[in-house]
Amino acid sequence: MAPRQVVVKVMTVSKPADVVFDFFSDVKNMEIGGAIKSVTKGEDNWWNIEHTVTGKGKMKFKRVYEYGILDHKFVGAGLKWKVYVRVVPNDEGSTTTWTFMRPDGLTDDQFQEQLKGFNIEVNNWKRYLEEN
């Protein structure tokens with residue numbers, strides 16, 4: 001099987017990696033991005049969410065503080081996404097990367113289209129982190 005299409009998004013802020021890691025570890029802070037609403041704790045470490053594009057969904061996180069890992073699974077609108085997230089030190093600030101692999105059920109073009117709005121979320125999180 002050929003590798004899937006991948007999209008990587010990047011955010012660099014003047015906040016240290018531990019502050020950014022803690023920010024994203026609080027799942028409610030995902031709402032600040034603007035696309036995710038109504039985050040509530042579900043069963044078996046899943047979080048129930050309402051997403052502006054996909055509707056009702058759920059997320060589950062794998063956190064490894066020591067390595068800045070904040071990977072998560074997202075299930076919604078009949079799709080299963082795996083998102084690989086890293087928060088790494090960058091001098092006095094930090095850089096966060098999100099690596100998205102195209103889920104089954106989307107063409108490459110649909111995959112690209114679905115992720116266009118993620119730039120708005122990244123900008124909203126960056127603005128919040130820089131101002132607080």
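The exercises below, each with a worked solution, concern a predicted model.

**Exercise 1. Describe how helix α1 and helix α3 pack, and find which residues of α1 meet which residues of α3.**

*Solution.* Two packed helices are described by the angle between their axes and by the distance between those axes. Begin, then, with the geometry: helix α1, which covers residues 17–25, packs with helix α3, which covers residues 118–131, at an angle of about 125°, and their axes are 12 Å apart. Next, classify the angle: values from 65 to 115 degrees count as roughly perpendicular and values over 145 as roughly antiparallel, and α1 and α3 are therefore oblique to each other. The crossing in which α1 passes α3 is right-handed. Finally, look at the residues: α1 contributes V20, F23 and F24, which meet W125, Y128 and L129 of α3. The residues of this contact of α1 with α3 comprise six nonpolar ones, with no polar and no charged residues.

**Exercise 2. Determine which residues of α1 are buried, and which elements they pack against.**

*Solution.* The first step is to list the buried residues of α1, which are A17, V20, F21, F23, F24 and S25. The second step is to follow their surroundings: the buried residues of α1 pack against the strands β1 (6–13), β4 (55–64), β5, β6 and β7, and also against helix α3.

**Exercise 3. Decide whether R102 is buried or exposed, and work out what surrounds R102.**

*Solution.* Locate the residue first: R102 belongs to the loop that runs between β7 (93–101) and α2 (108–115). Its relative accessible area is 19%, and since buried means under 20%, R102 is buried. Then consider the side chain of R102, one polar atom of which lies 3.0 Å from the backbone oxygen of L106. When neighbours within four places in sequence are left aside, the residues in contact with R102 are R4, Q5, T107, D108 and F111.

**Exercise 4. Compare the settings of S38 and A77, and state what sign the phi of each residue has.**

*Solution.* Start from the general expectation that most residues other than glycine have a negative phi. For S38, however, phi is near 55°, a positive value, and for A77 phi is likewise positive and near 55°. Turn next to their places in the chain: S38 sits in strand β2 (residues 36–41), whereas A77 sits in the loop between β5 (69–76) and β6 (79–90). The last step is accessibility, for which exposed means over 50%: S38, with 47%, counts as partly exposed, while A77, with 52%, counts as exposed.

**Exercise 5. Find the polar partners of the N124 side chain, and name the residues that N124 touches.**

*Solution.* N124 lies in helix α3. Its side chain has a polar atom 2.7 Å from the backbone oxygen of G33, and a polar contact of 3.0 Å joins the side chain of N124 to that of R127. Not counting residues up to four places away in sequence, N124 touches I32, G33 and G34.

**Exercise 6. Place Q114 in the structure, and identify what Q114 is in contact with.**

*Solution.* Q114 is in helix α2, where a relative accessible area of 29% makes Q114 partly exposed. Leaving aside neighbours within four places in sequence, Q114 is in contact with V53, T54, W81 and L106. As a last step, set sequence beside space: Q114 and K73 are 41 residues apart in sequence, and their C-alpha atoms are 16 Å apart.

Terms used: Residues are numbered from 1 along each chain as its sequence is written. This is a predicted model: local features need pLDDT of at least 70, side-chain atom pairs count only at pLDDT 80 or more; totals for chains, interfaces and linings use all residues. Side-chain values use heavy atoms; hydrogens and water are left out. Axes are lines fitted to C-alpha atoms, for helices over the stretch in contact, and angles run from 0 to 180 degrees between N-to-C directions. Helices (H or I, at least four residues) and strands (E, at least two) are DSSP runs, numbered from the N terminus. A crossing is left-handed if the near helix is turned anticlockwise from the far one by less than a right angle, and right-handed if clockwise. Contact means heavy atoms within 4.5 Å. Ala, Val, Leu, Ile, Met, Phe, Trp, Tyr, Cys and Pro count as nonpolar, Asp, Glu, Lys and Arg as charged, and the others, Gly among them, as polar. Buried means under 20% relative accessible area, exposed over 50%, partly exposed in between (1.4 Å probe, protein chains only). A polar contact is a pair of N or O atoms within 3.5 Å; within protein, one must be able to donate a hydrogen and the other to accept it, and residues adjacent in sequence count only if both atoms are side-chain atoms.
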